Amino acid sequence: MSTLDTTNPIPGKTVRVTVSNLNKSYGNVAVLRDISFEVRPGEIFCLMGPSGSGKTVLLKHIAGLEKPTSGGVRIGEYDAADPETRAKVHLAVVFQAGALFNSLSVYDNLALYPREHRLGDEKGIRERVKRALSILSLEKAANRMPSELSGGMKKRVAIARALVIEPQLLLYDEPTAELDPILSATIIEIIATLREYTTVTSFVVTHDRALALSIADRVAIIMDGRIRAVGVPDDFKHATDPDITNFLNPVIDPKNPRFKQLETNHE
Ligand SMILES: Nc1ncnc2c1ncn2[C@@H]1O[C@H](COP(=O)(O)OP(=O)(O)O)[C@@H](O)[C@H]1O
Ligand SMILES: [Mg+2]
């Protein structure tokens with residue numbers, strides 16, 4: 001099932017993301033360690049890794065929301081950490097929790113950024129918002145408040161809000177977290193299908209193996225702040241590195257449970 005109306009493509013110029021020797025420490029804790037990789041123009045690039053491995057911190061560096069300790073990120077020819085870059089590249093982030101304003105209707109949530117940044121007059125903004133809503137089959141939700149939406153709809157609204165700026169680069173943080181398998185599949189189809197009719201470059205942070213291996217052009221695995229592998233999905237279906245196979249296909253063994261190996265249970 002696809003919820004996309006693909007008859008009305010969004011124009012745009014796609015971009016390359018280049019991460020070079022990126023290091024980030026908070027105090028003396030190193031969170032990102034010498035990270036280098038490239039996201040090619042128009043590609044869907046999935047970053048997978050365990051909780052706490054540095055995925056969100058890395059995404060924030062690409063979005064220009066965090067400053068590197070050393071090294072850096074370029075979006076096309078621009079430095080992601082330069083505040084001017086956000087004015088030059090159409091970049092949108094779909095955050096894990098959706099980050100919708102609860103006091104604003106769906107329509108006003110979508111119109112907020114274009115209004116604040118004067119991306120057109122009210123009529124032009126209405127057209128952008130309507131188009132984004134229609135792409136995600138959300139026309140009927142325009143006047144609803146976020147509290148009246150299901151979890152899956154909130155995610156779709158968050159993606160629609162990103163589309164309003166006609167993005168060249170879309171960054172998703174755990175887009176399928178907390179969704180049931182059918183809703184996850186819907187969101188995965190949306191991410192894949194958007195790319196087919198826009199020229200957007202997509203960077204998807206996830207620990208959803210199905211998402212990464214089904215729609216990514218390439219996948220990177222981050223562990224403990226380091227990139228452990230970059231490849232096409234097939235490479236990971238036949239991975240031999242025990243850390244990677246254990247992450248992608250953890251053995252479930254109640255006779256030898258992990259939590260008892262980690263520490264004594266004091267509860
Ligand atoms: N602002 C911050 N200050 C200090 N430590 C942080 C900050 N943001 C993230 N961290 C730490 O960086 C590590 C990676 O976090 P994060 O990127 O959120 O992991 P995840 O891979 O689950 O998205 C974690 O240990 C986290 O506690
Ligand atoms: Mg995270």
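**Exercise 1. Burial in helix α5.** State which residues of α5 are buried, and relate this to the length of the helix.

Solution. In this predicted model, the buried residues of α5 are M153, K155, R156, V157, A158, I159, A160, R161, A162 and L163. That makes α5 a mostly covered helix, with 10 of its 13 residues buried. Next, take the span: from the first C-alpha of α5 to the last is 19 Å, close to the 18 Å expected at 1.5 Å a residue.

**Exercise 2. Helix α3 and its partners.** Find the buried residues of α3 and the helices they pack against.

Solution. Step one is to list the buried positions of α3 (residues 106-116): V106, N109, L110, A111 and P114. Step two is to consider the spacing. An α-helix has 3.6 residues a turn, so residues three or four places apart point the same way. Step three is to identify the partners: the buried residues of α3 pack against α4 (122-135) and α5 (151-163). Finally, look just past the helix, where R118 has a positive phi of about 50 degrees.

**Exercise 3. Two domains.** Describe how the chain is divided and how domain 1 meets domain 2.

Solution. Begin with the division. Domain 1 is made of 17-90 + 166-262, and domain 2 covers 102-165. Their C-alpha centres are 26 Å apart. Now count the residues in contact: 11 from domain 1 and eight from domain 2. On the side of domain 1 that touches domain 2, helix α6 (residues 181-197) supplies the largest share, four residues. By class, this side of domain 1 holds seven nonpolar, two polar and two charged residues.

**Exercise 4. Strand β8.** Work out which strands pair with β8 and how its residues are placed.

Solution. First, burial: six of the six residues of β8 (residues 201-206) are buried, so the strand is mostly covered. Second, direction. T201, F203 and V205 point one way, while S202, V204 and T206 point the other way, and all are buried. Third, pairing. β8 pairs in the parallel sense with β3 (residues 44-48) over five bridges, and also in the parallel sense with β7 (residues 169-173) over five bridges. Fourth, particular positions: T206 in β8 has M48 opposite, and V205 is the bridge partner of D173.

**Exercise 5. L169 and R258.** Decide for each residue whether it is buried or exposed, and give the reason.

Solution. L169 belongs to strand β7. A residue is buried if 20 or more other C-beta atoms lie within 10 Å of its own, and exposed if 12 or fewer do. L169 has 25 C-beta neighbours inside 10 Å and therefore counts as buried. Beyond its neighbours within four places in sequence, L169 is in contact with V15, V17, I75, V89, L91, V200 and T201. From L169 to D34 the distance is 23 Å, C-alpha to C-alpha, with their positions 135 residues apart in sequence.

R258 lies in helix α10 (residues 258-262). Because R258 has 10 C-beta neighbours inside 10 Å, it counts as exposed. The C-alpha atoms of R258 and I191 are separated by 34 Å, and the two residues are 67 residues apart along the chain.

**Exercise 6. The open sheet.** Give the strand order of the four-stranded sheet and explain which strands stand at its edges.

Solution. The order is β2-β1-β4-β5, and the pairing is antiparallel. β2 (29-39) and β5 (78-79) each have a single partner strand, so they stand at the edges with one side left without a neighbour in the sheet. At the β5 edge, two bridges join β4 (residues 70-75) to β5. Y78 in β5 has I75 opposite.

**Exercise 7. Around ligand 1.** Characterise the shell around ligand 1, then examine V57, one of its residues.

Solution. The residues surrounding ligand 1 are Y26, V31, G49, S51, G52, S53, G54, K55, T56 and V57. Sorted by class, the shell has three nonpolar, six polar and one charged. Helix α1 (residues 55-62) gives the largest share, three residues.

V57 is in helix α1. With 18 other C-beta atoms within 10 Å, V57 is partly exposed. Leaving aside neighbours within four places in sequence, the contacts of V57 are K24, V31, L32 and E66. V57 and E116 are 26 Å apart in space, C-alpha to C-alpha, and 59 residues apart in sequence.

Technical notes: Residues are numbered from 1 along each chain as its sequence is written. Chains are lettered from A and ligands numbered from 1 in the order in which they are written. This is a predicted model: local features need pLDDT of at least 70, side-chain atom pairs count only at pLDDT 80 or more; totals for chains, interfaces and linings use all residues. Domain bounds come from an automatic or database domain assignment. Two residues are in contact if their C-beta atoms, placed from the backbone, lie within 7 Å. Ala, Val, Leu, Ile, Met, Phe, Trp, Tyr, Cys and Pro count as nonpolar, Asp, Glu, Lys and Arg as charged, and the others, Gly among them, as polar. A residue is near a molecule or strand if its C-beta atom, placed from the backbone, lies within 6 Å of it. Two strands pair if DSSP finds at least two bridges between them. The expected span of a helix is 1.5 Å times one less than its number of residues.
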